[in-house]
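User: I am new to this structure and would like a close look at one part of it. Please take me slowly through the metal sites, and then show me how they sit beside the rest of the chain.

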Amino acid sequence: MKRLRMEIHGAVQGVGFRPFIYRLADSFDVTGWVCNTARGVILEVEGEETVLLRFGEAVEKEKPAISIIQDVTREYLEPVGYNGFEIRKSIGGERKALVLPDISTCDDCLEEIMDPENRRYRYPFTNCTNCGPRYSIINSIPYDRPATTMAGFHMCKKCLEEYESPSNRRFHTQPNACPECGPHLELWDHSGIILAERNEALKRTASAILDGKIVAVKGLGGFHLITLASSDKAVLILRERKGRKTKPFALMFPSSDMISSFCEVSEMEQNLLRSPESPIVLLKKREDHGSSKKLSDFISPGNPDLGVMLPYTPLHHLLLQEIGEPVVATSGNLSDEPICTDEKEALRRLSGLADLFLIHNRPIARHVDDSIVRVVDGREMVLRRARGYAPLPLRMNEESDAILAAGAHLKNTLALSIGNNVFISQHIGDMETPQAVKAYEEVWSSIESLYHAKADKVIYDMHPDYISTKYAVESGLPAFPVQHHIAHVFSCMLDNGLNPPLLGVSWDGTGYGTDGTIWGGEFFYIGKESVERVAHMRTFRLPGGEKAIREPRRAAIGLLSEMFDDPAAYIPSDVFSKKENIVLKRMLKNDLNSPSTSSAGRLFDVVASMLGLCQTNEFEGQAAMLLEYAVAGVETDDSYHLLLDRIAGKPWILDWESLINDIIKDITTGEKTSMISARFHNALAEGIVSVAELTGEKRVVLSGGCFQNVYLAERTADLLRKRGFTPVLHRKIPPNDGGIAPGQIFAAVNLFKNK
Ligand code: ZN
Ligand code: ZN
Ligand code: FE
């Protein structure tokens, strides 16, 4: 006989871990106890040594699906002679257990809400230890009901019994609720007058949506605007009201079978759709979809993909079942504002957008958007990290001080490190509206208290005009800048658990360089304590500065003016008026508001403009997206060329001049756009490999918004592998600027050891 003592750290609280241990002990016929501690779970079991060995293995192998074990310690001791097995009272102390993300409805709960005999039949707020709201309802830790937005609801006798019974699926389920004692639905008109309640509200919402109405629905982490996906009219009205011309809308489908009839779905994509995170998954549209129902062409015009998700709360399940067909479920906001979370606020902010409001009385503690993922190079890549992922930490190999990272500007997030965990806030959005800045302020002021930590220093982007920079510098904490593209590389390293040395490729639209120019096509040797910019794209100027970031045609004029006296001759003729051309020429000649850039993203803009695909961007990265879609299935190894060149003592330069000349030749001879686009992408991939071959570092980290481009990411990864390199792509941290904040922290940990 022996006694096994296990201490388990990670996301092991509020996930049914103790009941799981209780049942496991029962099935192994061992005695002992289990309890929560400040850092996780601790347990002791007594039995024969071989049994204990298998028990220990089973703990890790059969753990609840949504729990995450970060580390386990095992100790074998002399037995003390326990009788039976018990769940003991929690041991207090310093709180380090992880806050969990919101988790999609589990199969057991789904079965209950569909069962007319069950007391939770059609109850939209059903949840259990294995599923339901977490991050979106937590005000502070430890995670107990009074610390959540469920504090105002008092459990009825039946719910309390479930809550207190160790063998019950709802043992210590903090948001436990039923129709008797929990939150309920109401359908409101514009002025907040109640039109219907509970099940009636749900039914009337469904029929309004089927009638082509737009309904603002309060969900888990905020409001959606929901309308019928098959109706051109409804979708166009939504576009007009939201002020969103072509940016794709996300869809919610009643079932995964229905998704398969509209989209191509691989096994991995299927698993992502049905995962506890339940994100929006970007899927290829099927050319000849097998369903008799259609989807409006205005959902994602000119885009071969659809962003789709499955219902992830009982409310969404019941609503979609009632509607029986896919709906547009886009975030409840005006263009780029953060998602709306409060019903009173919704009446104000969304009254011009929605016809009706389906609301409920469970407050949302913080906005949490739907996450977006896609499969790239055979793996999951998170493009927007929010519901289901936030606030789970990434792990570093070493402990650090508490560091706060302010992030950048677009798609912004904050991050905070405690010990060797890096916590990333939910997606906040573009810091361009007062609402976004307010949301940023809220996250800034609450992130430390949420984790009971106090930051020792703060890291920010070098851009002097970013609002995030201002917050960092004025915070009163010791503040240190990290260059934007270096932060991108460290973000991908953290994401993949890598330490220096390696080669970092950092390609995006814009970032402030250490020399005050705009960077974006960068290569870094990341050493143990230093970083060297080993290469970059050849620079060109952007007439109009900020404006040129939104207008690919300006980038085109800027680049082409480096090669030709009459740059306008090489883009479609009607793009600029004669007068505008003269103004642009003068700007460039006199170097007025025409900053220099080495951005790869802007090079995409130039080519998209030359090909007539996009002259002004409606949203960030649109021109690059259109250029990616233009490849449209062409398979070729044909490529243009980027040439490597250097002035001694300076970084290598990837020169696009011959590539641009070849594109002009191909346009003149009438080559297909798809072919030109494929050759362009192939040239970029070759260019990356040629720099990798120069430096010789085997591991090549690919980061920055450009690597959301599936063709570029996969082509580059393939080529690198073929030539003996190991490509590293993003997984759980976005390659775009949503990943800057955690990257800033990991950069600081590696580079500022003595600060
Ligand atoms: Zn459940
Ligand atoms: Zn109840
Ligand atoms: Fe960036």
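**The zinc sites**

Analyst: Along the sequence of this predicted model, the residues that donate to the zinc ion (ligand 2) follow the spacing C-x2-C-x18-C-x2-C. Within that spacing, Cys159 belongs to helix α4 (residues 157-164), while Cys181 falls in the loop between α4 and β6 (185-188), so this pair ties together parts that lie 22 residues apart in sequence. Cys159 and Cys181 are both buried, and with a cut-off of under 20% relative accessible area for that word, little of either residue's possible surface is left accessible.

Turning to the atoms themselves, the zinc ion (ligand 2) is held by the SG atoms of Cys156, Cys159, Cys178 and Cys181, at 2.2 to 2.3 Å. The angles among these 4 donor atoms run from 104 to 116°, and the site is tetrahedral.

The zinc ion (ligand 1) has its own set of protein donors, namely the SG atoms of Cys106, Cys109, Cys128 and Cys131, which lie 2.3 to 2.4 Å from the ion. Here too the spacing along the chain reads C-x2-C-x18-C-x2-C. One pair among these donors links distant parts of the chain, with Cys109 in helix α3 (residues 107-113) and Cys128 in the loop between α3 and α4, 19 residues apart. Cys109 is buried, and Cys128 is buried as well. Around the zinc ion (ligand 1), the 4 donor atoms subtend angles of 104 to 120°, and the arrangement is therefore tetrahedral, because every angle must lie between 85 and 135 degrees for that label.

To place these sites in the whole chain, it helps to look at the domain assignment, which gives domain 1 (2-87), domain 2 (185-360), domain 3 (373-496 + 741-751) and domain 4 (502-730). Taken over C-alpha atoms, the centres of domain 1 and domain 4 are separated by 54 Å.

For a site without a metal, consider Glu448, a residue of helix α11 (residues 434-450). Glu448 has a relative accessible area of 13%, and because the cut-off for buried is under 20%, this residue counts as buried. A polar atom of the Glu448 side chain lies 2.8 Å from the backbone nitrogen of Ala455. Leaving aside residues up to four places away in sequence, Glu448 touches Leu416, Ala453, Lys454 and Ala455, so that Ala455 appears both in this list of contacts and in the polar pairing with the Glu448 side chain.

Notes. Residues are numbered from 1 along each chain as its sequence is written. Chains are lettered from A and ligands numbered from 1 in the order in which they are written. This is a predicted model: local features need pLDDT of at least 70, side-chain atom pairs count only at pLDDT 80 or more; totals for chains, interfaces and linings use all residues. Side-chain values use heavy atoms; hydrogens and water are left out. Domain bounds come from an automatic or database domain assignment. Donors are N, O and S atoms within 2.8 Å of the metal (3.2 Å for Na, K and Ca); water is not among the atoms, so sites may look incomplete. Four donors count as tetrahedral if all angles lie between 85 and 135 degrees; four count as square planar and six as octahedral if opposite donors are over 155 degrees apart and all others between 65 and 115; anything else is irregular. Helices (H or I, at least four residues) and strands (E, at least two) are DSSP runs, numbered from the N terminus. Buried means under 20% relative accessible area, exposed over 50%, partly exposed in between (1.4 Å probe, protein chains only). A polar contact is a pair of N or O atoms within 3.5 Å; within protein, one must be able to donate a hydrogen and the other to accept it, and residues adjacent in sequence count only if both atoms are side-chain atoms. Contact means heavy atoms within 4.5 Å.
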